[in-house]
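Colleague: I am new to this structure and would love a close look at one part of it. Could you pick an open sheet and walk me through what surrounds it?

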Amino acid sequence: MLPVVVVHGGAGHIPKERAELSTIGVKEATRTGYAILLKGGSAMDAVVEAVALMENNPRFNAGRGSVLNVKGEVEMDAMVMDGRSLDSGAVSAVRGIANPVQLARLVMEKTKHLCLTAEGASKFARSMGVPEVPEESLITDYAKMRWKKNLEPDANPVECQMGKMGTVGAVAVDKDGNIACATSTGGMINKMEGRVGDTPCVGCGGYADNNIGAVSPTGHGEAIMKVTLSRLIIFHMEQGKTPEEASDLALTYMKERVDGLGGVVVVDPKGTWAARFSSLQMSWAAAQQGKLHFGLYRGEHFVEPV
């Protein structure tokens with residue numbers, strides 16, 4: 001059953017023309033992560049590379065393609081977690097970085113801290129030789145169009161979520177049985193300047209523990225934080241639930257308790273995985289035993305050779 005990698009490209013309502021490209025994107029990211037695992041690479045290498053690929057893809061709300069804050073600027077959050085040691089690294093409200101997930105990994109590996117924010121994260125990036133990129137290179141015409149639309153006084157928040165290719169993330173178990181997760185996002189459309197969502201918070205925007213499993217979520221950040229969604233799923237798995245059962249329990253709780261929609265990719269140490277969501281859609285893909293699994297709508301599950 002090992003190795004395995006599972007990837008998501010965000011939950012929400014995706015217009016048809018973008019849905020297809022989003023599915024292509026998650027499949028490509030999954031193949032990339034799986035190739036690393038097959039060569040004996042670590043779960044951490046696999047999830048970071050898979051997520052970085054989606055950050056570079058303008059179809060996703062992470063890295064290039066991130067949604068804009070109320071001032072029309074890009075502020076990004078990302079995190080990684082290593083299931084061996086429970087070490088984690090994150091960045092929040094970071095600007096001018098092409099791959100926040102790689103910076104999050106450097107925070108984990110090169111500092112004693114778990115999370116660096118805004119200008120502090122930028123200074124750290126410079127000290128590590130991470131190239132800064134002009135903000136314009138991260139902004140797409142699509143993001144600009146949606147930003148303008150949502151500045152109008154009669155803007156409809158439901159319409160605002162249309163085309164939301166949310167947060168991207170990945171979970172993996174490598175040949176040695178080590179587990180990791182990574183999550184990256186541009187956040188919420190027209191958010192206040194300095195708003196930070198669930199993504200860089202351990203237990204909310206991701207969790208990985210070799211003894212239990214790993215989770216990477218997507219959806220409404222504030223709702224995810226209120227119920228500490230990732231840790232809640234891990235808790236249910238500790239109680240003996242399968243990844244699928246644990247995911248459904250937690251997503252149902254989030255919907256009933258705080259009226260929040262979202263989705264998750266989850267894996268356990270044996271390689272049992274799940275991709276579950278309460279939103280209309282979530283683009284996801286998984287690779288295991290030479291097969292590529294993927295889907296977009298609820299109940300959808302296609303399989304093809306990797």
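**A four-stranded sheet and its surroundings**

Modeller: Happy to! Please keep in mind that this is a predicted model. A good place to begin is helix H8 (residues 229-238), which lies across S7, S8 and strand S9 (262-267). Its direction makes an angle of about 140° with S8.

Those strands belong to an open sheet of four, arranged in the order S7-S8-S9-S10 with antiparallel pairing. At its edges are strand S7 (207-209) and strand S10 (273-277), each of which pairs on one side only. On average, neighbouring strands of this sheet are turned by 10° against each other, direction ignored. As background, the strands of a sheet pair through backbone hydrogen bonds, in either a parallel or an antiparallel way.

Let us start from the S7 edge. S7 and strand S8 (residues 213-219) run antiparallel and are joined by three bridges. For example, Asp-209 has Gly-213 in S8 as its bridge partner. Between S7 and S8 there is a loop, and Asn-210 sits in it. Which residues does Asn-210 touch, apart from its neighbours within four places in sequence? They are Gly-83, Arg-84, Gly-177, Asn-178, Ile-179 and Pro-269. Asp-154, by contrast, is 56 residues from Asn-210 in sequence, and their C-alpha atoms are 48 Å apart in space.

Now for the S10 edge. Helix H9 (residues 243-258) lies across S9 and S10 and runs at about 20° to S10. H9 and S10 are also the elements that give two or more residues to the lining of the second largest pocket. That pocket holds about 310 Å³ of space. It is lined by 18 residues, and the closest to its centre are Asp-248, Ala-275, Arg-276, Phe-277 and Gly-299. H9 contributes the most to this lining, with six residues.

Back at S8, there is a link to an annotated residue. An unreviewed UniProt entry marks Thr-167 with the annotation "active site". Thr-167 is found in the loop between helix H6 (157-161) and strand S5 (168-173). Is Thr-167 buried or exposed? Its relative accessibility is 5%, so Thr-167 counts as buried, the cut-off for buried being under 20%. Setting aside neighbours within four places in sequence, its contacts include Pro-217 and Thr-218, and residues 213-219 make up S8. Other contacts of Thr-167 include His-8, Gly-9 and Gly-10, and strand S1 covers residues 4-12.

From S1 we can step across to one more strand. S1 and S11 run antiparallel and are joined by seven bridges, with Val-4 partnered by Gln-288 in S11. How much of strand S11 (residues 281-288) is buried? Eight of its eight residues are. Both of its faces are covered, with Gln-281, Ser-283, Ala-285 and Ala-287 buried on one side and Met-282, Trp-284, Ala-286 and Gln-288 buried on the other.

S11 also pairs with strand S12 (residues 291-297), in the antiparallel sense and over six bridges. Here Gln-281 stands opposite Tyr-297 in S12. The two strands form a hairpin with two residues between them, and Gln-289 in the turn has a positive phi of about 50°.

Technical notes: Residues numbered from 1 in each chain as written. Predicted model: local features only at pLDDT ≥ 70, side-chain atom pairs only at ≥ 80, totals over all residues. Heavy atoms only, no water. Pairing = 2+ DSSP bridges. Axes fitted to C-alpha atoms, helices over the stretch in contact; angles between N-to-C directions. Contact = heavy atoms within 4.5 Å. UniProt positions renumbered as here; feature names shortened; annotations may be inferred. Buried < 20%, exposed > 50% of the residue type's maximum accessible area, 1.4 Å probe, protein only. 1 Å grid on protein atoms, 1.4 Å probe; cavity = no way out; pocket = protein on both sides within 12 Å on 5 of 7 lines; lining within 4 Å. Points joined across faces, edges and corners; volume = space filled by probe spheres on them.
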